[in-house]
Every structure is written in C-alpha cells, then in structure tokens.
Amino acid sequence: MVKNLLISVLSQEENKGSVEFQVFSFTNKIRRLTSHLELHRKDYLSQRGLRKILGKRQRLLVYLSKKNRVRYKELISQLDIREPKTH
C-alpha cells in the first residue's frame with residue numbers, strides 16, 4: 001500500500017530525469033529481475049543485467065548522498081533500501 005502511494009506521488013510530482021525517479025525505477029527493475037531469477041536460476045544474461053542495474057543505482061545513490069544527504073536518507077527509507085557499507 002505504501003509503495004503504491006509512493007509510485008503515484010513520484011510519477012506525478014517528479015520529472016523522469018531526477019535522481020529520485022531514476023533510483024525508484026531501477027529499484028522496480030531490480031525487484032522484478034530478482035523475482036525472475038528466483039524461478040530461473042541459470043539465466044546468466046539476466047544476472048548480468050541485474051548486476052549492471054545495481055551498479056547504476058549504487059552510483060546514483062552515492063551522487064545523491066554527496067549532493068543532498070537529507071533527500072538521500074528520505075529516499076533510502078521510502079524505498080526500503082539498505083545503506084551501503086562505507087570503506
């Protein structure tokens with residue numbers, strides 16, 4: 001229910017080029033691919049695609065955390081994403 005509300009808010013308010021919208025769409029793709037890979041374990045091309053999308057989302061999150069820490073924290077909590085480990 002919360003995610004549906006978030007979907008409608010993001011698609012109406014945000015432009016498609018914003019970091020938040022891109023992270024949101026990558027997260028949806030990641031969840032779809034993850035459920036696909038639970039059924040098809042040997043689909044190596046989808047595994048590669050998942051890793052590429054994870055990397056893109058990670059780079060966007062790093063950018064957002066450097067630019068605006070408050071928006072980053074809000075996005076992480078709304079999308080229920082774990083915060084990456086820092087080195």
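Here are some questions and answers about the salt bridges and the nonpolar core of this predicted model.

Residues are numbered from 1 along each chain as its sequence is written, and side-chain values use heavy atoms, with hydrogens and water left out. Because the model is predicted, local features need pLDDT of at least 70 and side-chain atom pairs count only at pLDDT 80 or more, while totals for chains, interfaces and linings use all residues.

User: How many salt bridges does the structure hold?

Analyst: Let's start with what counts: a side-chain nitrogen of Lys or Arg within 4 Å of a carboxyl oxygen of Asp or Glu. By that rule, the number of salt bridges in the structure is 3.

User: Which residue meets Arg71 in a salt bridge?

Analyst: The two side chains come to 2.5 Å, N to O. The pair links distant parts of the chain, 51 residues apart, with Arg71 in helix H4 (residues 69-79) and its partner in helix H2 (residues 19-39). Helices here are DSSP runs (H or I, at least four residues), numbered from the N terminus. The partner is Glu20.

User: Is Glu20 buried or exposed?

Analyst: Buried means under 20% relative accessible area, exposed over 50%, and partly exposed in between (1.4 Å probe, protein chains only). Arg71, at 36%, is partly exposed. Glu20 has a relative accessible area of 10%, so this residue is buried.

User: Which residues are linked with Glu83 in a network of salt bridges?

Analyst: Glu83 forms a salt bridge with Arg69, their closest N and O atoms being 3.1 Å apart. That pair joins helix H4 to the segment after H4, across 14 residues. The side chains of Glu83 and Lys73 also meet in a salt bridge, at 3.1 Å, N to O. The residues linked with Glu83 in the network are therefore Arg69 and Lys73.

User: What is the relative accessibility of Lys73?

Analyst: Its network partner Arg69 is partly exposed at 42%. Lys73 also counts as partly exposed, and its relative accessibility is 38%.

User: Which element gives the largest share of the largest nonpolar core?

Analyst: A nonpolar core is a set of buried Ala, Val, Leu, Ile, Met, Phe, Trp, Tyr and Cys residues joined through side-chain atoms within 4.5 Å. The largest one has 17 residues. The elements giving two or more residues to this core are H2, helix H3 (44-67) and H4. The largest share, 7 residues, comes from H2.

User: Which residues does Val23 touch, not counting residues up to four places away in sequence?

Analyst: Val23 is among the residues with the most contacts inside the largest core. Contact means heavy atoms within 4.5 Å. With those sequence neighbours left out, Val23 touches Arg57, Leu60, Leu61, Leu75, Leu79 and Ile81.
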